[in-house]
Every structure is written in structure tokens, then in C-alpha cells.
Amino acid sequence: MMAYRGSVRPFVNFNAEHDAEILHKAMKGLGTNEDTILMLLTSRSNDQRQDIKAVYKKTHGKDLVSALKSELGGLFESLIVALMTPPVSYDASQLHKALKGIGTEDEVLIEILASRTGEQITNIVKAYKNDFNGKLEKDIISDTSGHYQRLLVVLLQGSREDGLGEENIDKDAKALFDAGEGKFGTDEEQFITILGTRRVEHLRKVFDAYKKLYGAELEDSIERETTGSFENLLLAVVKCVRSVPEFFAEGLSKSMRRAGTDDSTLMRIMVSRSEIDMLDIRTCFKKKYEASLYTTIQEDTDGDYQKALLYLCGGKD
């Protein structure tokens, strides 16, 4: 059994009826008790929040999320709504928003499709169909093009093949070299096939072999040989193969510490990783940026939004 690496864990003496009443009282009458709301919801797991939602509806005859929305505002409201959404539906809604707006938010497509497990992706496709009555693949195809589109569609299949033996490690490393550095022009199809369909354990060995054979990291070759969204997606896939927590630590760093905070990315990562690997992300963040994620969030945000994010972060390093 793997150790639990989330910062938010199921609340031990959980009582949905009790929690629903606390939330009801926090929203009743004049003024809203934001502190009560954020402390309660950030210390329950998503499954527990769904139970509270069901009890609230039964007891008060209205949707808890709508009630919260009518009492809260701004970034804090968005964060609380995100916490109240089942993870798979949340991912589906983020993808839908990224595809359906004006232009395509490629960084959202890249982040989600490069980092989720095959099983998660399969469930996201189902949720997308249920929640938006649409086909995720069709929407991606109509919104993207070229090699970038091809790799997104491959990742969307959520199936990485089994049983690639040792003998194929050097072969794949060589194929990647020949597809990029080793020839005039770039054979993008090879990159798509190998990075899109091989198992993570296998790919890690391929990257090591690549370094040993050619004295360079695969990322360097990708940066030299490709451009735009296709390059960004390839790099994200490689980074997630190497270390998903490190990929997200980097995403968090980029979302803060510069002119203006990218709140949608900050929020998406903090919410979607809070029950998966936030402790590992914090460790990577500290190692890479010599600063604690907690302090960085503190310096970059404010108000109830900040408080809730700090609860999700789970502690200082």
C-alpha cells in the first residue's frame, strides 16, 4: 500500500448531517461566516463534500453549491465551487471551458491530458459526455490541428501498451534520436507514437538510455526540433513521465511569482492535487525553488481565497 500523499484527507469523525447544519447556519441571516465555510470544506475529502451536498439538499430542499454561490464572491467563490465538484467532473469542466471559450486554452488541455492516469482520462471522457452532452475527442479535433492535435487524441485514448521488453529500450531511444537530432527535419510521428503510447516505467528507461547514448536530455532535443503547442505538450508528457509532482511544482511556480497571478492555474492545481500528491509537490517545490509553497501562496494571494489555498497546501515546509 502506497503512503497517502495528499494534504487533504478524509475527516475522521465525519458526520454529514452535522456538517450540513454548520454550513446552513454559516449562511443564514445577516452576513456569511466565511471562516466556518472554508475551514469545514478544506478539511473534508471530496467524497465527504458530496455526502454533505446530498444531506443539505434533503434537509433544506436546495442545492448547497447554489446556496454557497449566492453568499460568496470572486476567487473565493470559484475555489469553493471547485472543491464541491467531484474531481472527474471538475477536470471535464476545465477542459470544456478551455475548448468552448474564444480561442483554446492550450495550457489547460496540456496540463490535464499529460498528467492524468489512463483510468482518470477514461472517466473524464465519460463525465464530459454526461455533463456537456458532447464528445471530448470531437471537440478537441475541431479546436486544434496538426501534430499537436494528433498527440492530444493519442493521449485521450488513455491506453499505454504493456510488455515492452528490455530490448526495446535502446530501440526507442534510437528512434527518438533519429526522429529529431539525427535527421534533417523532424519525424513528429515517432515522437507521438513513443511518447503517447509507451508505459511510464518503460519511458523512464528510454530517457535514461537516450542520455547515455547521446549525452543529452530528450527535452533539449524536443526544444530544438519542435515549436508551439506541440512542443509544450511533448515537454509536459516527458516531465510527467519523469515526475508528476515536479511537473505540478513547476506549474505552481509559474502561476505565481511574476506580474499578476494566474489564479485559474493556481486554483486548478491546488484543488485537483490536494488529495493525490500535494505533499510531494510541496517537497519538489521547496527543492527546486528554495522556498516553501505555503509562503509563496501567502505572498501572492489574499483574503479568504488565500486562507482556503493555505489549508489545501496543508502546512509550511
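This passage describes the main nonpolar core of a predicted model, along with two helices and one loop residue.

The largest nonpolar core comprises 96 residues, and Leu 195 and Met 270 have the most contacts inside it. Helix 15, spanning residues 228-242, gives the most to this core, with nine residues.

A good place to start is Leu 195, which belongs to the buried part of helix 12. Beyond its neighbours within four places in sequence, Leu 195 is in contact with Arg 160, Leu 203, Phe 207, Leu 218, Ile 222, Leu 234, Val 237 and Val 238. Helix 12 itself (residues 188-197) is mostly covered, with seven of its ten residues buried; Glu 188, Phe 191, Ile 192, Ile 194, Gly 196 and Thr 197 are buried along with Leu 195. Packing against these buried residues are helix 10 (146-156), helix 11 (167-179), helix 13 (200-214), helix 14 (218-225) and helix 15.

Met 270, in turn, is one of the buried residues of helix 17. Ten of the eleven residues in this helix (residues 263-273) are buried, so helix 17 is largely enclosed by the rest of the structure. Charged and polar residues are among them, including Asp 263, Thr 265, Arg 268, Ser 272 and Arg 273.

Just past helix 15, the loop leading to helix 16 (244-255) holds Ser 243. Ser 243 counts as buried because its relative accessible area is 17%, below the 20% cut-off. A polar atom of the Ser 243 side chain lies 3.1 Å from the backbone nitrogen of Glu 246. Between Ser 243 and Thr 296, 53 residues apart in sequence, the C-alpha to C-alpha distance is 21 Å.

Notes: Residues numbered from 1 in each chain as written. Predicted model: local features only at pLDDT ≥ 70, side-chain atom pairs only at ≥ 80, totals over all residues. Heavy atoms only, no water. Core = buried A, V, L, I, M, F, W, Y, C linked by side-chain atoms within 4.5 Å. Buried < 20%, exposed > 50% of the residue type's maximum accessible area, 1.4 Å probe, protein only. Helix = DSSP H or I, 4+ residues; strand = E, 2+ residues; numbered from the N terminus. Contact = heavy atoms within 4.5 Å. Polar contact = N/O pair within 3.5 Å; in protein donor to acceptor, adjacent residues only side chain to side chain.
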